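Dear colleague,

Please find below the structure that I am handing over to you. My findings follow directly after it.

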Amino acid sequence: MNVIEKAEQRGFRYELVQGERKVEIRGICYDSRKAFPGCLFVCMQGASFDSHQKLTDVSASGAAAAVIDHDCTLPAGITILRVPDARLALAELSAAWFDFPADRLTLIGVTGTKGKTTTTHMIRALLTRAGKKTGLIGTNGILIGETHTPTKNTTPESYELQEAFSKMVQAGCSCAVMEVSSQGLMLHRTGGIFFDCGVFLNLSPDHIGPAEHKSFEEYRDCKARLFSQCRWGFLNGDDENAAYMGARAHCEALYRFAERAEADFRAEDIRYEAEDGFVGLAFTFRAPETEAVTVKVGIPGRFNADNALAALAVCRKLGVERSVLSDGLKDIRVSGRMEIVYSGAFTVMVDYAHNAVSMEALLDTLRDYHPKRLSVVFGCGGNRAKERRYAMGEIAGRKADFSVITADNSRWEKTEDILSDIRGSIEGTGGAFIEIADRREAIFYAIRHARPGDMIAIIGKGHEDYQEINGVRHHFSDRETAEAALSELACRK
C-alpha cells in the first residue's frame with residue numbers, strides 16, 4: 001500500500017487526472033528545487049510563487065506523482081492527482097507517510113496572540129515533572145529530550161510537523177505540546193491532526209496586513225479553527241473573545257480558566273514575590289474536585305499568571321498530581337521571555353514582545369517592580385503592517401521613561417523608514433528617546449548609560465539568534481550583545 005492509499009483510508013479525496021494510483025512513492029516533496037526520483041510532489045501557491053509552474057521541471061527530475069489544485073500544464077509520464085486544496089493534501093499525505101504519529105501522542109495545541117511560547121514550555125515542564133516525556137514545537141524550535149532543532153515558523157509546515165511527531169514517538173515521548181499559529185491553521189499545517197487539548201489564551205489585533213490576514217475577523221476565525229479539531233477545549237474566560245471561540249467549538253467538552261470571570265479553573269490571590277533568590281509570582285490554584293494548591297511561578301510578569309493558569313488547567317485535566325502542580329513551575333525559564341540577563345545595580349532583561357499588546361503588558365508589569373527609571377530598546381520588523389510600529393512607538397512614549405529605537409528584522413524595508421515611523425509616534429507623546437540604527441550600538445548605549453535602580457528591557461527579538469537585513473540573516477543575539485556590553489562595563493570599572 002503506497003502513501004496515497006494510506007491517506008485515502010483516512011479521508012484523503014482526490015481526482016486521478018492521469019497515471020496510476022498505485023505508483024511507487026519514495027518520499028514527499030513540496031519544494032521544486034528538492035524534487036527527487038520517485039517522489040510525490042505537492043504543488044502549492046504562495047504569496048509570490050506558484051510551484052505549479054515548475055511541474056515540468058519536477059517531472060524531469062524523476063518525480064513519480066504530483067498533486068495539483070488548479071489548472072496548469074501537465075507533463076506526460078507522471079501520475080497527477082487533483083485536490084481542492086494542495087496545502088491540506090500535503091498535511092494528509094505527510095501524516096500518512098510517517099504512519100500517523102500523532103495518534104500515538106497525547107497532543108496539546110496552544111493558540112493566542114501572546115503567551116503561546118511561555119505556556120507551551122510551562123505545560124512541558126509540568127508533564128515532564130510528572131514523568132511524561134514530552135516533545136515541544138513552537139517559536140523557539142523543536143525540542144525532543146535534549147535535542148533542539150530550529151524552526152522557520154511558529155507552526156512548521158505540515159511535513160516537518162509530522163516528521164517531528166514521528167521523531168518524538170521514536171524517542172519515547174508520550175506527549176507533545178505545540179504552538180498553533182493563525183497562519184498555521186489558515187494554511188492547513190495542522191490539517192488532519194486531532195488534538196487531545198486545545199488552549200485559547202487571548203486575542204488582540206495582530207498579524208493583519210498584505211502578507212498575513214486581511215482583517216481582525218479573519219485572524220479571529222483562523223484561531224477558532226483549533227476548536228473544531230480537539231477533544232477538550234480550554235478557554236481564557238477573562239478574554240472577551242472566549243465566547244466567540246466557544247460558539248464555534250466542536251469539542252467533547254469545554255473548560256474555562258480565569259481570574260475574574262466564572263470558570264472551572266481559577267487563579268486567586270496573585271502576588272509578586274522576590275525573596276531568597278526567587279523572583280516571580282505566586283497564587284492559589286483551584287480546580288474541580290481538587291483541593292486548592294499554592295503555586296509558584298519562576299518568571300516575573302503579571303500576564304504569566306494567565307499563562308501558568310492555562311498550563312495548570314490542562315495538566316490537571318490530564319491527571320497531573322497536586323504536588324507537581326505546586327512546585328513544577330518554580331524554576332521555569334523560557335529563552336527570550338522575561339529573561340533576566342543581569343540583576344545588580346540595575347537590571348537588564350530580554351523579551352520577545354514584538355507587538356503593541358505584548359509591549360504594553362510587559363512595560364506595565366515592569367512598573368510593578370518600581371524601577372527608578374524604565375528604559376526600553378526596540379524596533380519593528382519590516383514588511384509587516386505599519387500599524388504595529390505606530391502603536392509600539394506610542395506605547396513606548398507613554399509607558400517608558402526612556403526609549404532607544406533601533407533596527408529589528410528590517411527584512412526588505414529600509415531601516416531608516418521604519419525608524420521614521422516609530423519616531424513620529426514617540427514624538428507625538430513627548431516621550432524621551434534616542435535613535436540608534438545599529439542594534440548592537442543601541443544595546444551598548446542603553447547599558448553604558450544605565451543608572452542605579454534602572455530596569456532596561458531589550459525587546460522584539462527574544463530568543464532569536466539572527467537579524468534579517470535585505471533578505472539575509474546575520475547572526476545576532478540580544479542576550480549575547482547585552483552580556484558583551486556588561487562585560488565591557490565591568491572592565492571599565
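I begin with a pair of strands late in the chain. In this predicted model, β23 and β24 run antiparallel and are joined by four bridges. Within this pairing, Y466 has H475 of β24 as its bridge partner. The hairpin that the two strands form has two residues between them, and in it N470 takes a positive phi near 55 degrees. N470 belongs to the loop between β23 (466-469) and β24 (472-475). Its backbone deserves a remark, as most residues other than glycine have a negative phi. N470 is not a glycine, yet its phi is positive, at about 55 degrees. With a relative accessibility of 46%, N470 counts as partly exposed.

A second residue of this kind is F100, which is likewise not a glycine and has a positive phi of about 50 degrees. F100 is located in the loop between α3 (86-97) and β6 (106-111). Is F100 buried or exposed? Its relative accessibility is 12%, and the limit for a buried residue is under 20%, so F100 counts as buried.

The loop that holds F100 leads to a serine elsewhere in the chain. S166 is part of helix α5, which covers residues 158-170. When neighbours within four places in sequence are left aside, S166 is in contact with F98 and P101. S166 counts as buried, with a relative accessibility of 12%.

The overall character of the chain may be summarised as follows.

- The chain contains 15 helices and 24 strands.
- Its radius of gyration is 24 Å, close to the 23 Å that the globule rule gives for 493 residues, so the chain is as compact as a globular protein of that length.
- The C-alpha trace spans about 75 × 55 × 40 Å along its principal axes.
- Of the 493 residues, 57% are buried.
- Among contacts with a separation of 6 or more, 65% are between residues 24 or more positions apart.
- The accessible surface is about 20,800 Å², and carbon and sulfur atoms account for 46% of it.
- The chain carries 61 positive and 68 negative charges, and the mean positions of the two sets are 2 Å apart.

I turn next to strand β19, residues 373-378. How many of the six residues of β19 are buried? Six of the six are, so the strand is largely enclosed by the rest of the structure. R373, S375 and V377 point one way from β19, while L374, V376 and F378 point the other way, and all are buried. Strand β19 has parallel pairings with two strands that I can report. With β22 (residues 454-459) it shares five bridges, and the two run parallel; here V376 stands opposite A457. With β20 (residues 402-405) it shares four bridges, again in a parallel arrangement; here V377 stands opposite V404.

Strand β22 also holds M455. This methionine counts as buried, at 10% relative accessibility. Not counting residues up to four places away in sequence, M455 touches T347, L366, Y369, P371, R373, L374 and S375. Three of these names, R373, L374 and S375, were met above as buried residues of β19. The C-alpha atoms of M455 and A345 are separated by 9.6 Å, although these residues are 110 residues apart along the chain.

A further covered strand lies early in the chain. Strand β3 comprises residues 39-42, and both of its faces are covered. C39 and F41 on one side, and L40 and V42 on the other, are all buried. Strand β3 pairs with β2 (residues 27-29) in the parallel sense over three bridges, and I28 stands opposite L40 in that pairing. Strand β3 also pairs with β4 (residues 65-68) in the parallel sense, over three bridges. In this second pairing, V42 stands opposite V67.

To set the main points side by side: β19 is largely enclosed by the rest of the structure, and β3 is covered on both faces. The two loop residues with positive phi are described by separate values, as F100 counts as buried and N470 counts as partly exposed. Please bear in mind when reading these results that the model is predicted.

Yours sincerely

Technical notes. Residues numbered from 1 in each chain as written. Predicted model: local features only at pLDDT ≥ 70, side-chain atom pairs only at ≥ 80, totals over all residues. Heavy atoms only, no water. Rg over C-alpha atoms; globule rule 2.2 N^0.38 Å. Buried < 20%, exposed > 50% of the residue type's maximum accessible area, 1.4 Å probe, protein only. Contact = heavy atoms within 4.5 Å. Areas by Shrake-Rupley, 256 points an atom, 1.4 Å probe, with all protein chains shown as cover. Lys, Arg positive; Asp, Glu negative; His and termini not counted. Charge placed at Lys NZ, Arg CZ, Asp CG, Glu CD. Pairing = 2+ DSSP bridges.
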